[in-house]
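Please open the model in your viewer and keep the sequence beside it. This tour goes from one selection to the next and says what is found at each stop.

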Amino acid sequence: MLVSIIPKLDSEVSVPRPQWLRAPAPAGENYRELKDLIGRLRLHTVCESAACPNVGECWNHRTATFMILGNVCTRRCGFCAVEKGAPLPVDYDEPQRVAEAVAAMGLKFAVITSVNRDDREDGGAELFALVIRAIRERVAGCGIEVLIPDFQGSRAAVETVMEAAPDVLNHNTETVPRLYRQVRLGARYERSLDVLAYAKQVAPRTPTKSGLMLGLGETAAEVLGVMRDLRAHHVDVLTLGQYLRPSPRHLPIVRYVTPEEFGDFRAAGYEMGFAHVESGPLVRSSYHASHAVDR
């Protein structure tokens, strides 16, 4: 049964983190090897920069989400652990180093994301396209998902990315419209929906994907409303996960959503027509990314 009322955002949860949210500590030979590789190639991953709880599991399975365009974001979203401030210079050698890492890891599916680059007219779309093409040239047959920012609504930027032919186009709505001003500074809900819809318009056969964090004060009815909006904008794949507070400076956790509730949202997503739904406490936007394409 979906809970319809959740406390206000300004009331932080005081109960201990439940057992279902305990991920194994990063360790293992594959983890150490990937950490060394990322460091040697001077790359960034959202796994580390955003303090993802699944870094141990994913890296030991030799999967990682590369974060291009530096590790300093031009926006100050209240949920995100990525450093904020003046952006770094664009590194045009980065696409080749990402492709080298994909080849060295033996990846069959790569996920590429970035910080927000509101300092650039195209929001960084050019670099996304260059990375996609570099991976295609270096690793034949490797699937590629791109998790893009909203490019401040630039349709030309969306076209630049889609013309490079990613296998999946992901853009996260992150939360419900009512909480945008607290959670996603500088973003607009309608703009995110337009980015997803326009990507599908440009490349109708390319799956589109979006995700939300739960536990920030949204109601179940609001979550279901966003899910319906995403389907109305032809989004194919959905991810739902629990928000985890990176530090005391970030937005508080209002509530821990139970695995049973995540299961109810998953079932509702399939009823709405999503081709694939990843819904669970530790799910993140690129978690089991290749499964969506397989399905």
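How many bridges join β8 to β9? Six bridges join these two strands, which run parallel; strands here are DSSP runs of E with at least two residues, helices are runs of H or I with at least four, and both are numbered from the N terminus. Two strands are taken to pair if DSSP finds at least two bridges between them.

Before going further, please note that this is a predicted model, in which local features need pLDDT of at least 70 and side-chain atom pairs count only at pLDDT 80 or more, while totals for chains, interfaces and linings use all residues. Residues are numbered from 1 along each chain as its sequence is written, and side-chain values use heavy atoms, with hydrogens and water left out.

**The whole chain**

Show the full chain as a cartoon, where 11 helices and 10 strands can be traced. Buried residues, meaning those under 20% relative accessible area (exposed is over 50%, partly exposed in between, with a 1.4 Å probe and protein chains only), make up 55% of the 295 residues. With a surface displayed, the chain exposes about 12900 Å², of which carbon and sulfur atoms supply 51%; these areas come from the Shrake-Rupley method with a 1.4 Å probe, and for residues only the protein chains shown count as cover.

**The sheet**

Next, colour the strands of the open sheet, in which eight strands follow the order β1-β2-β5-β6-β7-β8-β9-β10 with mixed pairing. At the edges stand β1 (44–45) and β10 (276–279), each with a single partner strand, so one side of each is left without a neighbour in the sheet. Two bridges join β1 to β2 (residues 65–68), and this pair runs antiparallel; select H44 to find M67 of β2 standing opposite.

Now add helix α8 (residues 189–202), which packs on the sheet and touches β7 (168–170) and β8 (208–214), its direction making about 160° with that of β8. Helix α9 (residues 220–232) also packs on the sheet, touching β8 and β9 (237–242), with a direction at about 170° to that of β8. Contact here means heavy atoms within 4.5 Å, and the angles, which run from 0 to 180 degrees, are taken between N-to-C directions of lines fitted to C-alpha atoms, for helices over the stretch in contact.

**Strand β8**

Is β8 enclosed by the rest of the structure or open? Seven of its seven residues are buried, so β8 is largely enclosed by the rest of the structure. In a regular strand the side chains alternate between the two faces of the sheet. Select T208, S210, L212 and L214 for one side of β8, then K209, G211 and M213 for the other, and both faces turn out to be covered. On the way along β8, K209 has N170 opposite, in a parallel pairing of β7 with β8 over two bridges, and L212 stands opposite L240 in β9.

**Charged pairs**

Turn next to the salt bridges, each a side-chain nitrogen of Lys or Arg within 4 Å of a carboxyl oxygen of Asp or Glu; the structure holds 13 of them. Select D236 and K200, whose closest N and O atoms are 2.6 Å apart. This pair links distant parts of the chain, with D236 in the loop between α9 and β9 and K200 in helix α8, 36 residues apart. K200 counts as buried at 12% relative accessibility.

R120, by comparison, is partly exposed at 22%, and forms salt bridges with D122 at 3.9 Å and with E126 at 3.7 Å.

**Aromatic pairs and a last stop**

Rings of Phe, Tyr and Trp (its six-membered ring) pair if their centres lie within 6.5 Å, with planes under 30 degrees apart counted as stacked, over 60 as edge-to-face and the rest as tilted; the count comes to two aromatic pairs. F128 and F151 form an edge-to-face pair, 6.2 Å centre to centre with 80° between the planes. F128 lies in helix α5 and F151 in the loop between β6 (143–147) and α6 (155–163), so the pair ties together parts that are 23 residues apart in sequence.

Finally, select N116, in the loop between β5 (109–114) and α5 (125–138). N116 is buried, with a relative accessible area of 14%, and beyond its neighbours within four places in sequence, its contacts include V72, C73 and P149.
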